Amino acid sequence: MDTLLLNALNGLSWGMLLFLIAVGLTTVFGVMGILNFAHGSLFMLGAYLCMQSMQLFDSFWFGLLVGPLGVAALGVLVERFLLRKIYSRDVTFQLLLTFALLLILDDGVRMIWGSGYHVVEPPVLLSGVMTIAGQDYPIYRFFLIVVGPLIGGLLWAFFHFTRWGKVVRAAAFDNIMAEGVGINVPRIYASVFALGAWLAALGGGLAAPQQSLNPAMGEKIIIESFIVVVVGGMGSFPGAFVGALLLGLLDSFGTVFAGRMQMAIPYLLLAVILLVKPTGLFRKGV
């Protein structure tokens with residue numbers, strides 16, 4: 001029972017971190033129709049910028065503020081000067097462009113910070129362990145379990161109860177009609193891509209105290225993020241949450257019950273969903 005509890009908590013922790021990254025990916029697709037292959041690199045870049053800011057200002061929270069904002073600013077530039085030129089072209093151009101961006105960001109990180117590993121310590125407030133049902137559990141991982149649904153709830157409220165959120169949903173539903181009634185769709189697209197980049201970078205900053213930083217850290221996360229998006233439903237906000245939760249728990253319990261086969265579980269889940277319900281568990285919609 002103790003092992004099951006710890007694995008459940010670990011699964012929730014990883015799932016909520018994965019949700020923060022996948023929800024940015026699915027939001028960009030749901031509104032703009034862009035499959036962003038560079039999303040994992042934005043996650044990685046966010047982790048490095050957070051680490052650098054933490055070292056410069058000796059504050060984890062300041063780094064967590066500055067890093068994602070820097071990546072969001074980069075996202076605005078990418079949308080304005082690169083993606084905006086290919087919206088009317090075949091989806092192949094989007095894939096090639098975002099894959100090229102992935103390679104550029106990865107090599108850029110290697111040039112600036114090197115190919116070695118870096119370690120970030122959690123803030124003093126969240127270091128140490130807490131007792132849950134008689135078991136010691138890292139406070140920082142429990143923090144991730146709490147912060148994931150909190151940010152998810154704030155995003156959902158933003159899209160459903162604010163004027164800007166409703167405008168974004170209108171542009172996602174029919175961008176031509178939205179532009180016809182005076183909505184500045186290019187500005188909406190820029191803000192949404194910046195939001196997706198910010199969420200990826202925030203996930204990177206939050207992941208930094210949990211794993212060592214290296215230029216390849218975005219590769220695994222982008223694969224699992226795409227699995228979450230496909231399982232939950234392309235462009236579905238609740239689908240990203242349920243998919244991330246499901247994948248996190250399967251990943252955690254798979255290490256106990258499946259051994260070395262655990263690595264294949266996400267792909268088996270993806271295969272089953274594509275065979276049984278190719279559109280995913282939820283319909284498209286932020």
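Okay, a quick definition to start: a residue counts as buried under 20% relative accessible area, exposed over 50%, and partly exposed in between. Take Arg-110 as a first case: its relative accessibility is 31%, so it goes down as partly exposed. Keep in mind throughout that this is a predicted model.

Let's stay with Arg-110 for a moment. Its side chain meets that of Asp-107 in a salt bridge, at 3.7 Å from N to O. Both residues sit in helix H4, which covers residues 91-113, and they are 3 residues apart, about one turn of the helix. Asp-107 is also partly exposed, because its relative accessible area is 44%.

So how many salt bridges does a search of the whole structure find? The search gives 3.

Another one is in helix H9, residues 217-232, where Glu-224 and Lys-220 lie 4 residues apart, again about one turn of the helix. Their side chains come together at 2.8 Å, N to O. Glu-224 has a relative accessibility of just 7%, so we call it buried.

Then there's the pair I'd like to spend some time on, Arg-84 with Glu-79. The closest N and O atoms of that salt bridge are 2.9 Å apart. The two side chains also show up as a polar contact, listed at 2.9 Å. Now, is Glu-79 buried or exposed? It's buried, because its relative accessible area is 0%. Its partner Arg-84, on the other hand, is partly exposed, with a relative accessible area of 28%.

What is around Glu-79, then? The residue itself belongs to helix H3, residues 60-81. If you leave out residues up to four places away in sequence, Glu-79 touches Met-32, Arg-84, Tyr-87, Pro-186, Tyr-189, Ala-190 and Phe-193. If you have the structure open, that's a nice list to click through.

Next, a helix pair. As a reminder, two packed helices are described by the angle between their axes and the distance between the axes. Here I mean H6, residues 163-173, and H8, residues 185-207: their axes come within 10 Å and cross at roughly 105 degrees. Angles of 65 to 115 degrees count as roughly perpendicular, so H6 is roughly perpendicular to H8. Which residues make the contact? From H6 we have Trp-164, Val-167, Val-168 and Ala-171, and from H8 there are Arg-187, Ile-188, Ser-191 and Val-192. By type, that contact splits into 6 nonpolar residues, 1 polar and 1 charged.

Two smaller spots before I stop. One is Asp-58, in the loop between helix H2, residues 39-57, and H3. Most residues other than glycine have a negative phi. Asp-58 isn't a glycine, yet its phi is positive, at about 55 degrees. And with a relative accessible area of 72%, Asp-58 is exposed.

The other is Ile-265, which lies in helix H11, residues 265-276. Ile-265 is at 18% relative accessibility, and the cut-off for buried is under 20%, so it counts as buried. Its C-alpha atom is separated by 7.4 Å from that of Gly-254, which is 11 residues apart from it along the chain.

If you take one thing back to your bench, make it the Glu-79 picture: a buried residue at 0% accessibility, with its side chain in a polar contact with Arg-84. Okay, that's me done.

Terms used. Residues are numbered from 1 along each chain as its sequence is written. This is a predicted model: local features need pLDDT of at least 70, side-chain atom pairs count only at pLDDT 80 or more; totals for chains, interfaces and linings use all residues. Side-chain values use heavy atoms; hydrogens and water are left out. Helices (H or I, at least four residues) and strands (E, at least two) are DSSP runs, numbered from the N terminus. Buried means under 20% relative accessible area, exposed over 50%, partly exposed in between (1.4 Å probe, protein chains only). A polar contact is a pair of N or O atoms within 3.5 Å; within protein, one must be able to donate a hydrogen and the other to accept it, and residues adjacent in sequence count only if both atoms are side-chain atoms. Contact means heavy atoms within 4.5 Å. Axes are lines fitted to C-alpha atoms, for helices over the stretch in contact, and angles run from 0 to 180 degrees between N-to-C directions. Angles under 35 degrees count as roughly parallel, over 145 as roughly antiparallel, 65 to 115 as roughly perpendicular and the rest as oblique. Ala, Val, Leu, Ile, Met, Phe, Trp, Tyr, Cys and Pro count as nonpolar, Asp, Glu, Lys and Arg as charged, and the others, Gly among them, as polar. A salt bridge is a side-chain nitrogen of Lys or Arg within 4 Å of a carboxyl oxygen of Asp or Glu.
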